[in-house]
Amino acid sequence: MSFLSNLEKPAETDYLNCIRCGLCLSVCPTYREYLTETASPRGRVALARKGLDGQLELSPNLTEQMYSCFGCMACNDICPVGIHPGDLALSMRHVQEQIEPSGWKHALFGGLIPRPQRMEAATWPLRLYQRLGLRKLFYALGLRKLLPEQLRDLEAQLPSIPQRPLRRVLPEVTAAKGEKRHQVGFFLGCAQSLLFAEESSASTRVLARNGCEVTTPEDVVCCGMPARGYGQMDQVREQARHNIAVYERYDLEVIITDCATCGSTLKEYGEILADDPEWAARAEAFSAKVRDISEYLATIPLEKPTGRVEARVTYHDPCHLRRAQHVWEEPRSLMKLIDGLEFVEMPEADWCCGSAGSQLITHYETSTKVLDRKMDNLNSTGAQIVASGCPGCQMQLTTGIQRNGLAVRVVHPITLLDEAYGE
Amino acid sequence: MVKLAAAERLPVVARGMGSGLAAGSIPMPEGSLVISLTRMNRILEIDTQNATVLTEAGVITATLQAEVEKIGLFYPPDPSSIKHSTIGGNIACNAGGPRCLKYGVTGDYVLGLTVVLADGSILKTGGKPIKDVTGYDLKGLFTGSEGTLGLITEALLRLVAKPQFARTALAEFDSLADASKTVNAILSAGIVPATLELMDQTAIVCIEEAMKLGLNTDVEATLLIETDGSDEQTVLQEAATAAQICEQQGARSVKVAQTPGERNNLWKARRSISPALARKAPNKLGEDITVPRSAIPEVVQRIREISENYGLPIVIFGHAGDGNLHPNVLFDKRDPEQWAKVEKMVAEIFAVSLAVGGTLSGEHGVGLLKRPYLEQALGPVSLQLQKQIKQALDPLNILNPGKMFPV
């Protein structure tokens, strides 16, 4: 197809060798809910292939199947041939954006998300809503019940928003407690700064406690995952270059993040900029330094926490941590260091929670079905706390807990460690 | 829907999860009506007293197994596609699997069926009694009919008690011939393992590349042997005897899985061979010949000769214990010369199987792929009779047309 020839698009090897065996159907959360071929990884690969071969029009319908993918990457892991249907769906979104750029996406992913000040301004009404006691009032008067179900679920996602974004509070350099043994960078993600400030404060405390001098540059921008999810690759590359340049100012052993999604994207900068001669090597060097916080803590000697956390705790694997980064044992082992904590494994712990960033907004029905299944599994453990190192998962889990009337606390695993250190 | 299709003479193709290996669910003429049964996925009744389960056709086989195992019952058939194929599809293709050696194939567990016939009427046949000689065995007729005689919508399946203990061993051989002889040596010794699987070197290399399980890739063949039962001592004793026989027959080493994790890994390896082969070449054609088990060493040797003669690799693995082998030819279809060779090679593999008293397909079915060879395998009388059956049940030829029978 000539009109496709000038576009950035998946290579033939990304789809050609699919043997249609169907193994991916058994692990796909959207297939399990829809039970239709088009909503399965195998179906998406077939659609992408025919679309790119010119046998099918790249219609809104076809693109919708690429957007219905939750990007959990379970299919990438199981495919015996080595095809990555999850990545292919993302690439197809980018193809579509090149053919028919969407104005609102450009405004959102280019104008708002990568600009921290604007993001902070945009979340201001939410902060007011909570700070002025409106949220409490809203709940007390039972007004929440009047909201349509989807809005009610979205409202439930909101964590307690910090008074000031952490970006404006956290010092550029947090000194190591005691002897300085490591020189590390910290990448403060948008959601962590705006919504989960307390968690990232805890993360830096835990690092400092274990001999790390933590450098947190204030002028980083969004990692790029939201833009990537909506096919805005140019935007992703721009943000990647910005963030790489920021960290090149410092001499750091590693760059740590406590957000699974940021971590997975930062680790891909090398790949994302591989075709850019000026940036390829720099991006590669940057990505090689990126670590999830639990991944890093597992590599250094840790002070044994003396405090206790008396609770039954389970863990939900963020897809961006387990599948994208293959980190799953570390957070579990770290929590097991804590006295009093009884760890129970949840069935299907590595099955997507249905968040996938914005699926609760864009694919509400599927998202909540996947979520309710997660809640059944959570409930079966009898846990009082569910830990998960991803803001998206945490918000989704919080919604699920409220929807299903459970009483379970949602927390970052490192926050538990911080509590056990008892500062 | 079938009534409507019959009125409109519209071809109807039943489809489960589309995991078949003989292209049985590919709609042949353009404009066929494909009916997906995946949303008919309820388990309707588990009868513990009679040990039966009544299920809709779209239930995933692994799901059904997990449900009945919760209450100590067992549905043994275990095609490698167990997690991504449906009971309806399994019945329509009379699916097998490793455990068939001891427990039999899908059809051995079908007690009753609900089938939508070609005119849209609904047939209910069979029931909970184990014995039933009232009239023809219609459930047997529809089992393995590949959607050409009717659409299976519900099934009543027989269950057995779940074996409490299992032991899995992996025997590695420096010679493929030794491994294939060992199959008979074990079975002749009076042991009936639940499974007795053969994998050749290429298969092992492919799995190791795909799964990184730590298998030795320099052996020429391995046997995967599992004994099971309700008495732990017997299970262990049988596994030990099988291991001993392997060693006597020249095995380099025999490893017994010590933990459930190790056992799972061995089975994960076996289940992923077929798809993992796709890493080796752009295309593969997997066959499914089944021969009397005494003929296995000879057939393995003949297949290797075919591979050498044509210069294209053939990977051999399969359920050696019941004589069911899956020789897979690896090739690149974009090269017309290779494709021409593959067609000849497949014909020769079939000829080898038929010559020793074997058959074209043990568990995959005829579908689209084996149609040309059907007469050679069945003979004219049987083929004519089968065509008459098809004619009687589907006079308009609207049910999965173009499958099974040679054009």
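In the predicted model, seven residues of domain 1 of chain A are in contact with six residues of domain 2 of chain A. On the domain 1 side of this contact in chain A, three residues are charged, three are polar and one is nonpolar. The C-alpha centres of these two domains of chain A are separated by 30 Å. In the domain assignment of chain A, domain 1 covers residues 2-99, domain 2 covers residues 166-297 and domain 3 covers residues 308-421.

Chain B is likewise assigned three domains, with domain 1 at residues 2-161, domain 2 at 165-275 and domain 3 at 281-364. Between domain 1 of chain B and domain 3 of chain B, the distance from one C-alpha centre to the other is 28 Å. The contact between this pair involves 11 residues from domain 1 of chain B and eight residues from domain 3 of chain B. The side contributed by domain 1 of chain B consists of nine nonpolar and two polar residues, with no charged residues. Charged residues are thus absent from that side in chain B, whereas the side of domain 1 of chain A that touches domain 2 of chain A includes three.

The two chains also touch each other. To this contact, chain A contributes 12 residues and chain B contributes 15 residues. The chain A side of the contact with chain B comprises seven nonpolar residues, four polar residues and one charged residue.

Note on methods. Residues are numbered from 1 along each chain as its sequence is written. Chains are lettered from A and ligands numbered from 1 in the order in which they are written. This is a predicted model: local features need pLDDT of at least 70, side-chain atom pairs count only at pLDDT 80 or more; totals for chains, interfaces and linings use all residues. Two residues are in contact if their C-beta atoms, placed from the backbone, lie within 7 Å. Ala, Val, Leu, Ile, Met, Phe, Trp, Tyr, Cys and Pro count as nonpolar, Asp, Glu, Lys and Arg as charged, and the others, Gly among them, as polar. Domain bounds come from an automatic or database domain assignment.
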